[in-house]
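User: I should like to learn how to read the features of a protein model, step by step. Please begin with the terms that are needed.

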Amino acid sequence: QVQLVESGGGLVQAGGSLSLSCTASGIGGVFSISLMAWYRQAPGKQRELVAAITRGGSTNYADSVKGRFTISRDNAKKTVYLQMNSLKPEDTAVYYCNVETITTNVYWGQGTQVTVSS
């Protein structure tokens, strides 16, 4: 059974920092995961890509978070991280971990709330 367990998130003042992590289990060997990513969904808005990272370490960021957020991963631990700095109220959303395997199966975490107060 595949499971993505997220941790981190919470409430922070504007300008502050938070760190998210997501660990995958039940997916298979350490080479089974290709792409890992974070998405977010704010109330009344569509889910959007925040950042993604390939198994080789190539990254992609939404323009709105470039220079403020950093995605990283530990392949051996099947874990993806998101370091969020200089947070803004508009970063408030539920953040979801997303994992794609080499067989193109896609899995989602349960979501974790990030709230940035002004």
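Analyst: A strand is a DSSP run of E with at least two residues, and strands are numbered from the N terminus. With that term, Ser86 can be placed in the loop between strand S8 (79-84) and S9. Please keep in mind that this is a predicted model.

User: How many helices and strands are there in the chain?

Analyst: The chain holds zero helices and 11 strands. Read from the N terminus on, its elements run β-β-β-β-β-β-β-β-β-β-β.

User: What does the phi angle of Ser86 show?

Analyst: Most residues other than glycine have a negative phi. Ser86 has a phi near 50°, a positive value in a residue other than glycine. Thr104 also calls for attention, with a positive phi of about 65° although it is not a glycine. The position of Thr104 is in the loop between S9 and strand S10 (106-108).

User: Which of the terms buried, partly exposed and exposed applies to a given residue?

Analyst: The term depends on relative accessible area: under 20% is buried, over 50% is exposed, and values in between are partly exposed. Thr104 has 55% relative accessibility and therefore counts as exposed. Ser86 has a relative accessible area of 41%, so Ser86 is partly exposed. Over the whole chain of 118 residues, 40% count as buried.

User: Where does Gly56 lie, and is Gly56 buried or exposed?

Analyst: Gly56 is located in the loop between strand S5 (48-53) and strand S6 (59-61). Its relative accessibility is 77%, so Gly56 counts as exposed. One distance helps to place this glycine: the C-alpha atoms of Gly56 and Ser34 are separated by 8.6 Å, and the two residues are 22 residues apart along the chain.

User: Ser32 is also found in a loop. Is Ser32 buried or exposed?

Analyst: Ser32 counts as buried, because its relative accessibility is 16%. The loop in question runs between strand S3 (18-25) and strand S4 (33-41). Its contacts complete the picture: when residues up to four places away in sequence are not counted, Ser32 touches Ile27, Thr101 and Ile102.

User: How should I read a contact list for a residue within a strand?

Analyst: One sets aside the neighbours in sequence and looks at what remains. Thr23, which lies in strand S3, touches Gln3, Leu4, Val5, Lys77, Lys78 and Thr79 once residues up to four places away are left out. Thr23 and Leu4 are 19 residues apart in sequence, yet their C-alpha atoms are 5.6 Å apart in space. At 33% relative accessibility, Thr23 counts as partly exposed.

User: Which residues are in contact with Ser117?

Analyst: Beyond its neighbours within four places in sequence, Ser117 is in contact with Leu11, Val12, Gln13 and Ala14. Ser117 belongs to strand S11 (residues 112-117). Between Ser117 and Gln13 there are 4.8 Å from C-alpha to C-alpha, although the two are 104 residues apart along the chain. Ser117 is partly exposed, because its relative accessible area is 26%. For the chain in general, among contacts between residues at least 6 apart in sequence, 53% join residues at least 24 apart.

User: Which cysteines form a disulfide?

Analyst: A disulfide is read from the distance between two cysteine sulfur atoms, which must be within 2.5 Å. The structure holds one disulfide. It is formed by Cys22 and Cys97, with their sulfur atoms 2.1 Å apart. This pair links distant parts of the chain, with Cys22 in strand S3 and Cys97 in strand S9 (residues 93-101), 75 residues apart. The link is left-handed, with -80° about the S-S bond. Cys22 counts as buried, because its relative accessibility is 0%. Cys97 likewise has 0% relative accessibility and so counts as buried.

User: What does the radius of gyration say about the chain?

Analyst: The value is compared with that of a compact globule. For 118 residues such a globule would have a radius of gyration near 13 Å; the chain has 14 Å, which agrees. The C-alpha trace spans about 45 × 25 × 20 Å along its principal axes. The accessible surface comes to about 6100 Å², of which 48% belongs to carbon and sulfur atoms.

User: How many positive and negative side chains does the chain have?

Analyst: The chain has 10 positive and 7 negative side chains. The centres of these two sets lie 3 Å apart.

Note on methods:
Residues numbered from 1 in each chain as written. Predicted model: local features only at pLDDT ≥ 70, side-chain atom pairs only at ≥ 80, totals over all residues. Heavy atoms only, no water. Helix = DSSP H or I, 4+ residues; strand = E, 2+ residues; numbered from the N terminus. Buried < 20%, exposed > 50% of the residue type's maximum accessible area, 1.4 Å probe, protein only. Contact = heavy atoms within 4.5 Å. Rg over C-alpha atoms; globule rule 2.2 N^0.38 Å. Areas by Shrake-Rupley, 256 points an atom, 1.4 Å probe, with all protein chains shown as cover. Lys, Arg positive; Asp, Glu negative; His and termini not counted. Charge placed at Lys NZ, Arg CZ, Asp CG, Glu CD.
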